[in-house]
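Good morning, and thank you for the time. Please keep the sequence and the structure in view while I speak.

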Amino acid sequence: MPRVEGQQGRRPKAKGQKLKAKSHEPKAKSPELRAQSRGKGSAGKRLVSLKSKKARAARVLSVMEQLYPQAATELAHTNPFELLIATVLSAQATDASVNKATPALFKRFPDAFALAQARPEEVEPYIKTIGLYRSKAKNLVMLARKLVEEHGAEVPMDKAKLRALPGVGWKTATVVLGAAFGVPGIAVDTHLTRLARRLGLSEQKDPEKIGADLERLFPKEKWVFVHHALILFGRYRCTARKPQCEGCPLWAECLSKGAW
Ligand code: SF4
């Protein structure tokens with residue numbers, strides 16, 4: 001029997017052998033397995049089910065309450081105005097560098113009235129040790145003027161009004177509302193972004209979306225605490241480059257364990 005082109009090497013089917021139906025449907029895999037097969041185990045590639053996220057969040061909360069029962073902002077302040085100014089200054093800067101600068105700044109400009117009357121060049125020397133000090137000085141003066149003109153020199157307890165102030169974005173507004181007024185919210189900074197990923201709590205990249213994910217997982221009355229506690233955990237233990245994984249109480253939950 002002459003060979004037909006393209007059939008070379010194929011085994012002829014035995015008589016009566018049934019053709020196995022070839023399915024074009026992808027094989028069902030759990031989200032975790034799907035993600036693991038794509039990546040090398042890096043936290044950034046894993047997908048975690050909502051059920052697992054909720055269990056993780058409960059464990060994270062319990063550990064945070066044991067580690068940092070008194071978690072609070074490390075930005076030195078005595079009133080909402082100082083907290084707002086310090087939080088604006090902390091953008092792309094460390095809290096420690098802000099705390100070094102603010103005592104003299106607040107002494108010279110103790111409230112929105114005083115700061116509103118200043119020229120940015122008068123503010124610059126007080127914050128020169130902090131990154132982006134020129135644009136921050138400009139924002140602080142404009143922010144103080146707006147506080148005086150539109151809010152009676154008080155910090156508004158309203159996210160939209162806060163966000164309308166120069167230099168104030170979603171994160172700063174959420175931090176100030178939570179720390180100064182106890183308004184529930186999880187502000188997401190660089191530490192929370194990293195931890196949400198490592199602990200399998202969110203796959204999002206955008207801080208606002210990560211915040212929304214976290215707020216779905218933690219009880220509302222714990223949102224402000226979770227924000228502060230995770231910042232402390234990220235700042236002092238689960239650092240970006242050299243996390244202290246040995247003996248970590250969140251080892252079981254961590255998707256990045258063993259990566260260092
Ligand atoms: S095991 Fe390491 S990477 Fe994971 S949460 Fe703990 S310190 Fe962070």
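I shall begin with the whole chain, then turn to the ligand and its cysteines, then to two helices, and lastly to some residues in loops.

This is a predicted model, and all that I report should be understood in that light. The secondary structure of the protein chain consists of 12 helices and zero strands. If you follow the sequence from beginning to end, the pattern is therefore simply α-α-α-α-α-α-α-α-α-α-α-α, with helices numbered from the N terminus. The protein chain has 260 residues, and 34% of them are buried. Consider next the contacts in the protein chain with a separation of 6 or more: 58% of these join residues 24 or more positions apart.

Let us move to the ligand. Which residues surround the ligand? They are Arg-198, Arg-237, Cys-238, Pro-243, Gln-244, Cys-245, Cys-248, Leu-250, Trp-251, Cys-254, Ser-256 and Lys-257. By character, this shell divides into seven nonpolar, two polar and three charged residues.

Four cysteines of the shell deserve attention, namely Cys-238, Cys-245, Cys-248 and Cys-254. An unreviewed UniProt entry annotates Cys-238, Cys-245, Cys-248 and Cys-254 as "binding site". These four are spread over 17 residues of sequence, yet they cluster in space, with a largest C-alpha distance of 10.4 Å.

I shall take two of them in turn. Is Cys-238 buried or exposed? Cys-238 counts as buried, because 21 C-beta neighbours lie inside 10 Å. Cys-238 is found in the segment after α12. Leaving out residues up to four places away in sequence, Cys-238 touches Leu-195, Arg-198, Phe-233 and Pro-243. Of these, Arg-198 and Pro-243 also belong to the residues around the ligand.

Cys-245 is likewise found in the segment after α12. Cys-245 counts as partly exposed, because it has 16 C-beta neighbours inside 10 Å. With residues up to four places away again left out, Cys-245 touches Trp-251, Lys-257 and Trp-260. Trp-251 and Lys-257 are also part of the ligand's surroundings.

Now to the helices, starting with α10. The buried residues of α10 are Leu-192, Leu-195, Ala-196, Arg-197 and Arg-198. Two of these, Leu-195 and Arg-198, are among the residues that Cys-238 touches. The cover over the buried residues of α10 includes α11 and α12. After α10 comes Gly-200, whose phi is positive, near 70 degrees.

Helix α11 spans residues 207-217, and its buried residues are Pro-207, Ile-210, Gly-211, Leu-214 and Leu-217. Why do they lie on the same side of α11? The reason is that they cover an arc of only 120 degrees around the axis. There is a general rule to recall here: an α-helix has 3.6 residues a turn, so residues three or four places apart point the same way. What covers these buried residues includes α2 (50-67), α9 (170-181), α10 (190-198) and α12 (223-236).

Finally, I turn to some residues earlier in the chain. Where is Ala-118? Ala-118 sits in the loop between α5 (112-116) and α6 (120-127). It is partly exposed, because 18 other C-beta atoms lie within 10 Å, whereas 20 or more would be needed for a buried residue. Setting aside neighbours within four places in sequence, Ala-118 is in contact with Phe-109, Val-123 and Val-141. In addition, Ala-118 and Ala-144 are 26 residues apart in sequence and 9.4 Å apart in space, C-alpha to C-alpha.

Arg-134 belongs to helix α7 (residues 133-151). Arg-134 is partly exposed, since it has 13 other C-beta atoms within 10 Å. Arg-134 and Glu-121 are 13 residues apart in sequence, and their C-alpha atoms are 8.1 Å apart in space.

Two residues are to be noted for their backbone. Gln-92, although not a glycine, has a positive phi of about 55 degrees. Gln-92 lies in the loop between α3 (80-89) and α4 (95-108), and it counts as exposed because it has 10 C-beta neighbours inside 10 Å. Leu-132 is not a glycine either, and has a positive phi of about 55 degrees. Leu-132 is placed in the loop between α6 and α7. With 14 C-beta neighbours inside 10 Å, Leu-132 counts as partly exposed.

Definitions and conventions
Residues are numbered from 1 along each chain as its sequence is written. This is a predicted model: local features need pLDDT of at least 70, side-chain atom pairs count only at pLDDT 80 or more; totals for chains, interfaces and linings use all residues. A residue is buried if 20 or more other C-beta atoms lie within 10 Å of its own, exposed if 12 or fewer, and partly exposed in between; C-beta atoms are placed from the backbone. Helices (H or I, at least four residues) and strands (E, at least two) are DSSP runs, numbered from the N terminus. The arc is that of the directions from the helix axis to the C-beta atoms. Two residues are in contact if their C-beta atoms, placed from the backbone, lie within 7 Å. A residue is near a molecule or strand if its C-beta atom, placed from the backbone, lies within 6 Å of it. Ala, Val, Leu, Ile, Met, Phe, Trp, Tyr, Cys and Pro count as nonpolar, Asp, Glu, Lys and Arg as charged, and the others, Gly among them, as polar. UniProt positions are given in the numbering used here, feature names are shortened, and annotations may be inferred rather than shown by experiment.
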